[in-house]
Structures are given as structure tokens and as C-alpha cells.
Amino acid sequence: MEHFAYQDGLLFCDGVSIAEVSQQYGTPIYIYSEHAIRDNFRAFSDAFAEVNPLICYALKANYSLAVCKILREEGAGFDIVSGGELFRALKAGADPKKICYAGVGKTRSEIEYALNSGILMFNVESGAELDRISAIASNLGTRADLALRLNPDVDPHTHKYTTTGKKWTKFGIGFDAAAGLVQRIKDMPLVHLVGLHVHLGSPINSPEPYRRALDLMLDFLESCREQGAQIEWLDVGGGYGIEYKGGETADLADFAQAIIPAVKRSGCRAILEPGRCIVGNAAVLVTRVQYVKETGEKKFVICDAGMNDLIRPALYDSYHRVWPVSSAEPVPYGAEALDAKTGGRVVVDIAGPVCESADFFAKDRPLPPVRQDDLLAVFSAGAYGYSMSSNYNSRPRACEVMISGGSARLIRPRESHEQMVADERF
Ligand code: LLP
């Protein structure tokens, strides 16, 4: 179902007018569809139902408590990467036995916190981390379950900054080193190797990298079992692509077809860690045009949202559809989006107010003519949007609104100037 759709020339989210919500709460504003979040989770869960995986939502994609609570209600566990994320997951009512903890830099206090919280397992990224977990488990007299995060040197064909499955990245452990750790774990009384983990990168638009990584993992799994390890979990990570432009990614059924047979062969229960595909297309960022500026060289549409609100275009050159909230035509799909010849479109750069030339949402983008005070919707903003936002240029963070059951509720008020400085001292 299309949760963000135009009716009579105006954008609606599940029957609620985006223009009215933006007027009521101000801009910039993130507007989420609860229905879309639930639908996306269910579609993901249905696609993999045959193997009944534990779905650990990667809350780095969107950590807002309201979002986490919705997913917890849907039965999700959580994939976390910091003590702060553990705190949020627990605050949202997560079952600790459905939490797995990845990340290359876990500190002592984070490990202690996780052990005391009774999480399902650590996804361990180095021998040094393994030693640290073992030492802390001994101190606390607590059992520590873990998976080894493998680095299979498989290319996910995504931006280099979000590639994690290649050897040149800091993530995971190569197979040879991992084989050595499997041996060492045998001498660690409180440490139990219960899983193997891989996360190749994000977003991944084809099932092939998963297929290749899983083949390699299954060979490794066999050798672990030959050494007596009792591996119960196969954690395939996240990364499942979504449509930003339209038509660029495989669909869930394709990913499932690559993953399910490997899970069955492994005899393990799968963990999947989707983030983006659950929340990415469940939100828009709405911004108000402040100025239309022509330089002779170019035409700029300057908005009240900036790279501090949504950094993805600046950081990864990523594509987000941007379209007026009031428009007779629906947002163009796929290649049409770059067609400047249709309907009197004007080619513009859509930029923010931040003092950096990287502060843009789109470059050379054909848009219907827009004017000062028009509202623009930046689509697919639910994942790595608010969660990567900052106060750069001392800009208060945007507010967040959830559309549920035909009405809007504020899930996070806009930050005030006072709040931005409240904990500072001279
Ligand atoms: N599991 C692990 C261990 C991860 O590191 C990540 C994402 C995920 C799961 C979830 O990946 P997803 O299903 O959401 O693609 N800021 C970048 C994406 C960074 C992803 C970091 N790790 C972006 O805006 O594209």
C-alpha cells in the first residue's frame, strides 16, 4: 500500500494532509506513517517466514522511542551498536534475549552493561574484543554468549563509506583469524560461541552478495562444527535495499530466495538485522522553501532543512526524491525523475541554509516551478535521517510526528535554543 500519496494535488500520509501537519508543527519536520512501519515489518517477516528468523531491527536506522516501541510490539528484537542503543532498546520494552550487539569499539562499561542486561549475544569483531569480553564475564561471574562477525571479503556494491564486508574495512574477522578464535574460545570457561555473523554493507540492491557470503559462511560453519562448536545462530545482518529513486533494488522475495536455502542448510536459526527497509520509506522530511536564488550559473531552491537534518546526500551523494507537497503530478518514478523535459520543469539544486557547499538534498534536479514558502517533501527519509542529524550551525533538531489511525501525534518536539545549551557551562 502507498502510504504517502497525492490526492487532488496534495500529499497525504495515510489520509492525513502533510501540509496541515507541517503547518501545525512547523518545518523542518519528519512525518512517519505507523502503518507503513508495521506493513514493512510484516512484509519482511512474511518474506522469511519459512525459516522463522529472529528479526533484530537495526535501531541505528531510526532510534526514536516511538518507532522502537512499534517494532517491539510487532515482535522485533534489536541489533544494537552502543550502550546508548541498548538503553533505548530496553526503554522501548525490548526483551534482552532478543538483542544482539555488534560494533568494533565496545568499551568495558558497554560490555558490562550488556552482560548485566542479559542480552542474547555479542557479535565480536576482533580477538582483542573477545579477550575483553572473556575477562569481564569472569569478573562478573556471568556467561557471555557470542557470535563471531566474519569478514568474507565480499563486495556489496554500495558506497565505499557503507561497505563493511570487504577486507579493507575495519569490520569483522577474516576466516583464518576467526578459525584461531574458535580454538581460543574453548579455553574461556564463561564464553560460549553460539553464532556466526556477517553484515556486508548497506544499502545492498542485489541478492548476489548475500548468496556469496553465505556460501563462504557455511563452509566455515562446517569447520567450526568439526571442532566441536555448537553454533545455533546464523546472523545474516542487514542492508536490504529500498527504492529511493524507483526500480533500483531487488525485492524482498529475491533476498529471501538467496538467504532461506542457506539458512536451511545450516541447521541454525537465522537472525536478520534490517533497518532501512523497515523505516526508510515510512517517512518524509518536510521543509519550507525560503528563497529561490539564481546565480547566473544555477538556480538554487534554498530550504529551511539542511544537511544537519538529513546528511545522506552530503555524505554519500545519495539520491532522495524531492517533490512539492502541493503538486498536480505525482512524484516521478525511476528514470523519469531526471527527465527535465516534462511539464515545464525547471532544473534546480535543492539546498539548505548550512554554511557548506555539501549542504544539498539534490543537484540538477528537474522540479515543477516552486516559490518562496512552498513546502517540499524529501522522500525515503525514515532511515538514517533523524538518527544522523546534528546541531551543526547551532540548528535545533527537527521535530518528529507519527501518523496513526488517521491523526498526527508529536513523538519528539522540536528542540529549542535553550535546550541546545542547557547542559553547557562557562
Ligand atoms: N547490522 C549491522 C551490523 C549494521 O552495521 C547495519 C547498518 C545494519 C544491520 C542495518 O543495515 P540496513 O538494513 O539499515 O541497511 N548511514 C548509512 C547506512 C549505514 C549503515 C550502518 N550499518 C546510510 O544512510 O545509508
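Begin with the two domains of this predicted model: select domain 1 and domain 2 and place a centroid on the C-alpha atoms of each, and the two centres turn out to be 33 Å apart. For the selections themselves, domain 1 takes residues 4-32 together with 280-421, while domain 2 runs over 63-274.

Next, show the residues of each domain that are in contact with the other, which gives 20 residues from domain 1 and 14 residues from domain 2. The area buried between domain 1 and domain 2 comes to about 1600 Å², and carbon and sulfur atoms contribute 58% of that figure. On the domain 1 side, pick out Tyr 316, Tyr 319 and Tyr 333, since these are the residues there that lose the most area to domain 2, and together they account for 27% of what that side buries.

Stay at this boundary and turn to its polar side. Between domain 1 and domain 2 there are zero salt bridges, but seven residue pairs are in polar contact, counting pairs in which both residues have pLDDT 80 or more. If you colour by secondary structure, the elements that each give two or more residues to the domain 1 side are helix H11 (312-316), strand S19 (399-404) and strand S20 (407-412). Colouring that side by residue class instead shows nine nonpolar, six polar and five charged residues.

Now select the ligand and its surroundings. There are 17 residues around the ligand, and the ones that come nearest are Ser 202, Glu 273, Arg 276, Arg 312 and Tyr 384. Three distances are worth displaying here. An N or O atom in the side chain of Ser 202 lies 2.5 Å from an oxygen atom of the ligand, and a polar side-chain atom of Arg 312 is 2.6 Å from a ligand oxygen. For Gly 275 the label belongs on the backbone, where a polar atom is 2.9 Å from an oxygen atom of the ligand.

Keep Ser 202 selected and extend the selection by one residue: the peptide bond from Ser 202 to Pro 203 is cis, with omega near -5°. Pro 203 sits in the loop that joins strand S10 (191-197) to helix H8 (208-226). A further cis peptide bond leads from Thr 27 to Pro 28, again with omega near -5°, and Pro 28 is placed in the loop between helix H1 (18-25) and strand S4 (29-33).

While backbone torsions are on display, move to Asn 393, which has a positive phi of about 65° although this residue is not a glycine. Asn 393 belongs to the loop between strand S18 (375-378) and S19.

For the last stop, switch to charged side chains, where the model contains 23 salt bridges. One of them to centre on is formed by Lys 298 and Asp 364, whose side chains meet at 3.1 Å, N to O. This pair links distant parts of the chain, 66 residues apart: Lys 298 is in the loop between strand S13 (283-294) and strand S14 (299-303), whereas Asp 364 is in strand S17 (residues 360-367).

How values were computed. Residues numbered from 1 in each chain as written. Predicted model: local features only at pLDDT ≥ 70, side-chain atom pairs only at ≥ 80, totals over all residues. Heavy atoms only, no water. Domains from an automatic or database assignment. Contact = heavy atoms within 4.5 Å. Buried area = accessible area lost by both parts, 1.4 Å probe. Salt bridge = Lys/Arg side-chain N within 4 Å of Asp/Glu carboxyl O. Polar contact = N/O pair within 3.5 Å; in protein donor to acceptor, adjacent residues only side chain to side chain. Helix = DSSP H or I, 4+ residues; strand = E, 2+ residues; numbered from the N terminus. Nonpolar A, V, L, I, M, F, W, Y, C, P; charged D, E, K, R; others polar. Near = heavy atom within 4 Å.
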